[in-house]
Amino acid sequence: METNESKNNGTNVENEKKALKLPNLPVTKLIPLAIIVGVVVVVTSAIAFSKPSIKKSITSIMQNQTTISQLSALKVPYGGIYIEKNEKGEETNRFLYKGDVTYTIDFNNIRISEGNKTIKVEIPNVGIKRENVVIEPKSIKWINNHRYNTQKLMDICTEDILQQYETNSDTKKLAEESVSDTIKNFITPIVRGIDKRYIVEVHVGEEK
Amino acid sequence: MKKINLMKIVILTLILSFSVIGCKKSSTTEFSVEEIKKLSELRTLECTFKTVADIEDKAILGVLGTRKYFVQYNAKIVVGVDMRKIEYDEGKKTLYIPKAEIVFANYDTSSIDEKDKNAFLFFSIDQARRNSLLSESLEELKKNVVDNEYLLRQGQQLAENQIRAIVNELYTIAGKEPDLTYALK
């Protein structure tokens, strides 16, 4: 005979069975599912936790590639002392710097013409371009160990150098001789190979 | 009140001591004749790279360790050939052109941009050390350019084209067809 208690127990047991009832999935279907879930978790974690390297992302990105045709004739090293003064003209500080400047010509502007059994080579003036003035930042030494804006220092040094050497006749003459020798040494064997009767003359700068 | 005014003065003094001071130019430049180097580099290709350097600043008195960060900057690299090394073999009618190399490399100080820097007042900027680290970074970039070879090949080809143009002009003047061959030295 069923009592209320036994009825309740039966109901409870059935409820427990329902609560504990698991889907009846075979193991062969579970394993691939587990693998797929695992791969997704690993890949997602890798993406989420990977830190892009700033250094790798911007190192060696070439911004600009320019074809140039400069024949470098002479490199002149120099050492300078820059004296800083206040409004009253009193010296406040001074610094030392080193660098070098390169005289160049435009190789494209070399002109070749023929004379009487003569190959005449005309080369433009040698000059200094701002980009060919190089200051060694490491060389800048303040006498009193004063802090300064490096870029401003570099600009000051570059201006100083350009003024000193653009019109320096001694170094300019040396640069012209260097260019002349280079071109002559390069062209003469070829000309002689074409016709041994020819000689090569090289003129640098404006013709007088 | 007095303490606040004093603090203001101290802060202002500190700011002024780090500011750029206007200066008048006066320089003496030494000219070293003995060290002049005669060059014959034919520069054919110029490249600007954006790259980074690892910088490390030390804390004042070295107590608080170091601060590390990246500095991004532009570097210019020029590729060319040494014209003095050109050789001409009259018998073989061959012009030997030397291999292209890096003839110039420098970084642009105005392009320096600090990345990932943690602002921390107590770290001093050691300018000499920073310049040294930037130079090391530049050397690394040069090495990468050499290992990569692409730019050197480009520079080589441009140099050959330039030299060939002049040689062809010589043949034209002589009224002959160019019969010179070119080879890499």
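## A three-stranded sheet and its helices

In this predicted model, E122(A) stands opposite H203(A) in β7(A), strands here being DSSP E runs of at least two residues and helices H or I runs of at least four, numbered from the N terminus. Strand β4 of chain A, residues 118–123, runs parallel to β7(A) and is joined to that strand by six bridges, where pairing requires at least two DSSP bridges between two strands.

The open sheet has three strands in the order β3-β4-β7 (chain A), with mixed pairing. Because β3 (111–114) and β7 (199–204) of chain A each have a single partner strand, they stand at the edges, and one side of each is left without a neighbour in the sheet. From one strand to the next the twist averages 20°.

Two helices are set against these strands, with contact meaning heavy atoms within 4.5 Å; axes are lines fitted to C-alpha atoms, for helices over the stretch in contact, and angles run from 0 to 180 degrees between N-to-C directions.

| Helix | Strands | Angle |
|---|---|---|
| α5 (residues 169–194) of chain A | lies across β3, β4 and β7 of chain A | about 155° to β7(A) |
| α3(B) | touches β3 and β4 of chain A | about 15° with β3(A) |

Helix α3 of chain B (residues 150–174) has 25 residues and reaches 36 Å from its first C-alpha to its last, close to the 36 Å expected, the expected span being 1.5 Å times one less than the number of residues. Its buried residues (under 20% relative accessible area, 1.4 Å probe, protein chains only) include L152(B), I163(B) and Y171(B). G175(B), with a positive phi near 75°, follows α3(B).

Residues are numbered from 1 along each chain as its sequence is written, and chains are lettered from A in the order in which they are written. Local features need pLDDT of at least 70 and side-chain atom pairs count only at pLDDT 80 or more, while totals for chains, interfaces and linings use all residues, and side-chain values use heavy atoms, without hydrogens and water.

Technical notes
Buried means under 20% relative accessible area, exposed over 50%, partly exposed in between (1.4 Å probe, protein chains only).
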